[in-house]
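This report describes the fold, the surface and a few selected residues of one protein chain. Please keep the sequence and the structure at hand while reading.

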Amino acid sequence: MTIFQGDQIMIALTLTDDQGNPITGDDAEEVVITLGSITRKTSDDNPVYYDGELEAWMVPIYQTETSALPAGMARMQARVKFDDGAIGSATVATVFVLPAQNTEVL
């Protein structure tokens, strides 16, 4: 995945367990997604949420946040607290942050 500093995006993620089964909103008590210094979780005001129609976790990332990311490679990680209390983490993507010539907040 590639983004520019200053992008505002909605990232759609498919998360799977160790057996390759999809993790849905019914499976998880809490989901935390981290991209560089940006953290989103299901309990935030603008939360990570599961979209059953798309079968993906939706992660809102705002323009001011991507503007603050350094150019280069950033890892996106997920941490899931399952309904049974188990907690698992994984790197889900490598994101390339490209420098923007204009980082004015629109």
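## Fold

The chain contains one helix and eight strands. Helices (H or I, at least four residues) and strands (E, at least two) are DSSP runs, numbered from the N terminus. In sequence order the pattern is β-β-β-β-β-β-α-β-β.

The model is predicted: local features need pLDDT of at least 70, side-chain atom pairs count only at pLDDT 80 or more, and totals for chains, interfaces and linings use all residues. Residues are numbered from 1 along each chain as its sequence is written, and side-chain values use heavy atoms, with hydrogens and water left out.

## Dimensions and packing

The C-alpha trace spans about 45 × 25 × 20 Å along its principal axes. The radius of gyration of the chain is 14 Å, which agrees with the value near 13 Å for a compact globule of 106 residues. This radius is taken over C-alpha atoms, and the globule rule is 2.2 Å times the number of residues to the power 0.38.

Of the 106 residues, 29% count as buried. Buried means under 20% relative accessible area, exposed over 50%, and partly exposed in between (1.4 Å probe, protein chains only). Contact means heavy atoms within 4.5 Å. Among contacts between residues at least 6 apart in sequence, 60% join residues at least 24 apart.

## Surface and charge

About 6400 Å² of the chain is exposed, and carbon and sulfur atoms supply 47% of this area. Accessible areas come from the Shrake-Rupley method with a 1.4 Å probe; for residues, only the protein chains shown count as cover.

There are 5 positive and 16 negative side chains, and the centres of the two sets lie 11 Å apart. Lys and Arg count as positive and Asp and Glu as negative, while His and the chain ends are not counted. The place of a charge is taken as NZ of Lys, CZ of Arg, CG of Asp or CD of Glu.

## Salt bridges

Side chains of opposite charge can pair when their charged atoms come close. A search of the whole structure finds two salt bridges, each defined as a side-chain nitrogen of Lys or Arg within 4 Å of a carboxyl oxygen of Asp or Glu.

K81 pairs with E29, with the closest N and O atoms 3.5 Å apart. This bridge links distant parts of the chain, from K81 in strand β7 (residues 72-82) to E29 in strand β3 (residues 28-35), 52 residues apart. K81 is partly exposed because its relative accessibility is 32%; E29, at 48%, is also partly exposed.

R40 pairs with E65, and here the closest N and O atoms are 2.7 Å apart. R40 belongs to strand β4 (residues 38-41) and E65 to helix α1, 25 residues apart. Both R40 and E65 are buried.

## Selected residues

L35 lies in strand β3 and counts as buried, with 1% relative accessibility. Leaving aside neighbours within four places in sequence, L35 contacts I3, L69, A74, R75, M76 and V95. The C-alpha atoms of L35 and L69 are 9.1 Å apart, although 34 residues separate the two in sequence.

Q77 is in strand β7 and is partly exposed at 40% relative accessibility. Not counting residues up to four places away in sequence, Q77 touches V32, I33, T34, A90, T91 and V92.

Q63 belongs to helix α1 (residues 63-68) and is buried at 10% relative accessibility. Outside its neighbours within four places in sequence, Q63 is in contact with G6, D7, Q8, E104, V105 and L106.
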